[in-house]
Amino acid sequence: MDIRHVIDFNDITPEQWDALCALGGEIKASPRDFERACEHKIMATLFYEPSTRTQLSFQTAMMRLGGKVMGFADPSSSSVSKGETLRDTVKIISAYSDVTVIRNPVEGAAYAASLYSRVPIINAGDGGHLHPTQTMTDMFTIQQNFGRYQGLTIGLCGDLLNGRTVHSLVRALSRYEGNTFYFISTAELKMPSYVTELLRKTNNTLYEVETLDECISRLDILYMTRIQRERFKTAEDYAKQSGIYILTAEKMKQAKSDMIILHPLPKVDEIDYDVDDDPRARYFEQAENGMYIRMALIHEVCINNSRIAMPGAYPAPSPAYCRNPRCISNHEKYLPPMIKETDGHHFCAYCDHKLKV
Ligand code: CP
């Protein structure tokens with residue numbers, strides 16, 4: 001598999017994903033067979049935003065493959081706190097490591113990093129945009145539970161506006177057909193249009209509803225998400241949205257006996273504690289699966305030893321070509337305008353927002 005940067009789950013073809021998923025299954029079954037697979041390789045983890053699962057599962061994944069890990073979990077302990085740009089940090093780190101994993105609160109940061117890195121960049125979450133290795137975790141767990149990505153009824157519930165995990169998961173599942181999606185959210189936290197528009201172009205069915213009661217009995221998978229306090233401008237805005245969706249043991253009585261509950265975690269109050277003991281709650285298994293599928297990804301990325309060639313120069317910056325204030329192009333002013341075209345529409349390559357060109 002020739003896997004380079006992984007910014008979006010869809011940077012990996014469906015065939016590559018099938019192979020990666022199969023490798024993840026092999027590793028899960030016999031982890032000791034892989035304990036020297038990445039000997040002499042070094043992975044950098046640059047976490048500009050807090051993380052438990054993603055950071056530690058990446059680190060343990062590399063260690064279980066026999067490789068080494070370096071990086072920071074808190075940018076205040078690095079030269080970022082002195083005002084160093086993302087570009088300079090990434091250029092330096094890519095001289096030290098064989099693969100760099102990056103989490104950043106700004107949308108498009110991982111793509112921006114990939115423009116300046118001579119080693120593969122893996123996006124470990126860029127603001128409210130994408131989280132492809134969480135999607136790998138989710139897709140691997142779905143595969144292990146259902147053995148397929150078709151003919152499923154999937155409910156996604158909570159903060160669909162800012163939830164990068166649901167954006168990535170829907171984009172991944174949109175490559176398959178015959179699924180029914182229920183997007184369950186308040187009007188304020190609806191799925192962004194670039195995700196719904198993408199799904200509506202496929203042979204899948206989409207319903208947008210405001211309550212769990214409208215669909216829970218039909219679901220094969222209920223994907224719960226946290227209302228993310230850190231994505232709201234004010235405490236009042238957060239208070240208006242928190243506590244609306246709470247999955248209780250009582251509500252679970254309406255669900256199918258073989259429905260599974262997934263959650264990217266951390267969870268706060270959106271799932272009652274007693275639901276954790278329900279055999280349909282699979283989120284702890286899901287988090288463990290994240291380590292195995294990240295082992296498979298690191299294994300494949302590190303097999304390719306060659307350094308990535310840098311282009312001679314990028315186009316000159318074009319201030320505010322993207323109107324998304326959360327886009328990295330509006331934070332790191334040296335970044336070139338990067339535009340991608342789909343079906344005659346232009347999108348910002350960093351954050352996927354539609355451009356007025
Ligand atoms: N699911 C997830 O990204 O968890 P962390 O924020 O703990 O990494």
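Two exercises follow, one on helix H1 and one on the ligand site.

The model is predicted: local features need pLDDT of at least 70, side-chain atom pairs need 80 or more, and totals for chains, interfaces and linings use all residues. Residues are numbered from 1 along each chain, and side-chain values use heavy atoms, without hydrogens or water.

**Exercise 1.** Find which face of helix H1 is buried, and what it packs against.

*Step 1.* Set the length. H1 covers residues 14–29, 16 in number, and spans 23 Å between its first and last C-alpha. That is close to the 22 Å expected (1.5 Å times one less than the number of residues).

*Step 2.* List the buried residues (under 20% relative accessible area; exposed is over 50%; 1.4 Å probe, protein chains only). They are Gln 16, Trp 17, Leu 20, Cys 21, Leu 23, Gly 24 and Ile 27.

*Step 3.* Look down the axis. The buried residues of H1 fall within an arc of 165° (from directions of axis to C-beta atoms), so they line one face. An α-helix has 3.6 residues a turn, so residues three or four places apart point the same way.

*Step 4.* Check both sides. The buried residues pack against H5 (132–146) and H10 (283–303), with contact meaning heavy atoms within 4.5 Å. The face turned away carries exposed Glu 15 and Ala 29.

**Exercise 2.** Identify the polar contacts of the ligand (N or O pairs within 3.5 Å) and its buried share.

*Step 1.* Start with the side chain. An N or O atom of Thr 54 lies 2.6 Å from a ligand oxygen.

*Step 2.* Turn to the backbone. A polar atom of Pro 264 is 2.8 Å from a ligand nitrogen. For Leu 265, a backbone N or O atom sits 2.9 Å from a ligand nitrogen.

*Step 3.* Take the area (Shrake-Rupley, 1.4 Å probe). Alone, the ligand exposes 250 Å², and the protein buries 92% of that.

Conventions
Helices (H or I, at least four residues) and strands (E, at least two) are DSSP runs, numbered from the N terminus. A polar contact is a pair of N or O atoms within 3.5 Å; within protein, one must be able to donate a hydrogen and the other to accept it, and residues adjacent in sequence count only if both atoms are side-chain atoms.
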